[in-house]
Amino acid sequence: MIEALRKEWLYSEKRPRDLLFTAIERLIRDRPPMMVSQLGREAALMARQLSAEAGFEFENWDAAARAVMKTLLMACALRTRDNRPIEFNIAAHAALVGGLADGYRDAAEAFLLEYLIGRLGDVTTRDHTALAHALFRQFDARVPIEDLEDRVVILLARLADRVVLSGDAYELRLFASA
């Protein structure tokens, strides 16, 4: 699952992703509108500072920021100044970011889950733990796996209009058998 996300440049660990989300929120709130590419670079710098302040060591901020920005674009979570989604196309990285969609964190993480369901084609109800590890691994024993599995099912519920359960397998609605 992680390898499938890495191949598409969508993989980021949960804690760095959350720090990048925080940085992106602050940058959008406190600075003039920036292009998607600039926002990603600035978010990586700010997340690096936030992690140092929190005593969290992480090295790959640039790669994580690229993955998070691509995820946000593909999830239609980045908005123009007039609140239209920034489409993931050739012009996306030059678009000015005016805001974030409501619930953008959930939308981004639900997109990752939907991507895995579509890409792998064999994700079942028995894979909640594996999905939790792939999407939310934090290397923090204080975070119960049950909480991460609950996050998976909450995101699956968010995808009810695009993902169906066929037996015990998840399928994208587009490809679901009739």
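The following legends describe close-up views of a predicted model.

**View 1. Helix H3 and its buried residues.**
Helix H3 covers residues 36-54. At 1.5 Å a residue, its 19 residues should span 27 Å, and the separation of 26 Å between its end C-alpha atoms agrees with this. The residues of H3 that are buried comprise Val36, Leu39, Gly40, Ala43, Ala44, Met46, Ala47, Leu50 and Ser51. Their packing partners are two helices, H2 (14-30) and H4 (61-74), and three strands, E1 (34-35), E2 (78-79) and E3 (96-97). Just after H3 comes Gly55, whose phi is positive, at about 75°.

**View 2. The packing of H2 against H3.**
The axes of H2 and H3 lie 8 Å apart, and the angle between the two helices is about 120°. An angle of this value is outside the ranges for parallel, antiparallel and perpendicular packing, and H2 and H3 are therefore oblique to each other. Their crossing is right-handed. On the H2 side, the contact is formed by Arg15, Leu19, Leu20, Thr22, Ala23, Ile24, Arg26, Leu27 and Ile28. On the H3 side, Leu39, Glu42, Ala43, Ala44, Met46, Ala47, Leu50, Ser51 and Ala54 take part. By class, the residues of this contact are 13 nonpolar, two polar and three charged.

**View 3. The packing of H2 against H5.**
Helix H5 (residues 104-120) packs against H2 at an angle of about 140°, with the axes 11 Å apart. Antiparallel packing would require an angle over 145 degrees, so H2 and H5 are oblique to each other. The crossing of H2 and H5 is right-handed. From H2, the residues Lys14, Arg17, Asp18, Phe21, Thr22 and Glu25 meet Tyr104, Arg105, Ala108, Glu109 and Leu112 of H5. The contact of H2 with H5 contains six charged, four nonpolar and one polar residue.

**View 4. Helix H4 and its surroundings.**
The 14 residues of H4 should span 20 Å at 1.5 Å a residue, and the end C-alpha atoms are indeed 20 Å apart. Because 10 of these 14 residues are buried, H4 is largely enclosed by the rest of the structure. The buried set consists of Trp61, Ala64, Ala65, Ala67, Val68, Met69, Lys70, Thr71, Leu72 and Leu73. These residues pack against the helices H2, H3 and H5 and against strand E2.

**View 5. Val68 in helix H4.**
Val68 belongs to helix H4. Its relative accessible area is 1%, under the 20% limit, so Val68 is buried. Apart from residues up to four places away in sequence, Val68 touches Ser12, Arg17, Leu20, Phe21 and Ile24. The C-alpha atoms of Val68 and Glu109 are separated by 9.8 Å, although the two residues are 41 residues apart along the chain.

**View 6. Ser12 and Trp9 in the loop between H1 and H2.**
Ser12 lies in the loop between H1 and H2, and Trp9 is found in the loop between helix H1 (2-7) and H2. With 5% relative accessibility, Ser12 counts as buried. Beyond its neighbours within four places in sequence, Ser12 is in contact with Arg17, Ala64, Ala67 and Val68. Trp9, by contrast, has a relative accessibility of 52%; this value is over 50%, so Trp9 counts as exposed. The backbone of Trp9 has a positive phi of about 60°, although this residue is not a glycine.

**View 7. Cys76 in the loop between H4 and E2.**
Cys76 is located in the loop that joins H4 and E2, just after H4. Its phi is near 55°, a positive value in a residue other than glycine. A relative accessibility of 37% falls between the limits for buried and exposed residues, so Cys76 counts as partly exposed.

**View 8. Thr124 in the loop between H5 and H6.**
The position of Thr124 is in the loop between H5 and helix H6 (128-136). Its relative accessibility is 10%, and Thr124 therefore counts as buried. When neighbours within four places in sequence are left aside, Thr124 is in contact with Asp168, Ala169 and Tyr170.

Notes. Residues are numbered from 1 along each chain as its sequence is written. This is a predicted model: local features need pLDDT of at least 70, side-chain atom pairs count only at pLDDT 80 or more; totals for chains, interfaces and linings use all residues. Side-chain values use heavy atoms; hydrogens and water are left out. Helices (H or I, at least four residues) and strands (E, at least two) are DSSP runs, numbered from the N terminus. The expected span of a helix is 1.5 Å times one less than its number of residues. Buried means under 20% relative accessible area, exposed over 50%, partly exposed in between (1.4 Å probe, protein chains only). Contact means heavy atoms within 4.5 Å. Axes are lines fitted to C-alpha atoms, for helices over the stretch in contact, and angles run from 0 to 180 degrees between N-to-C directions. Angles under 35 degrees count as roughly parallel, over 145 as roughly antiparallel, 65 to 115 as roughly perpendicular and the rest as oblique. A crossing is left-handed if the near helix is turned anticlockwise from the far one by less than a right angle, and right-handed if clockwise. Ala, Val, Leu, Ile, Met, Phe, Trp, Tyr, Cys and Pro count as nonpolar, Asp, Glu, Lys and Arg as charged, and the others, Gly among them, as polar.
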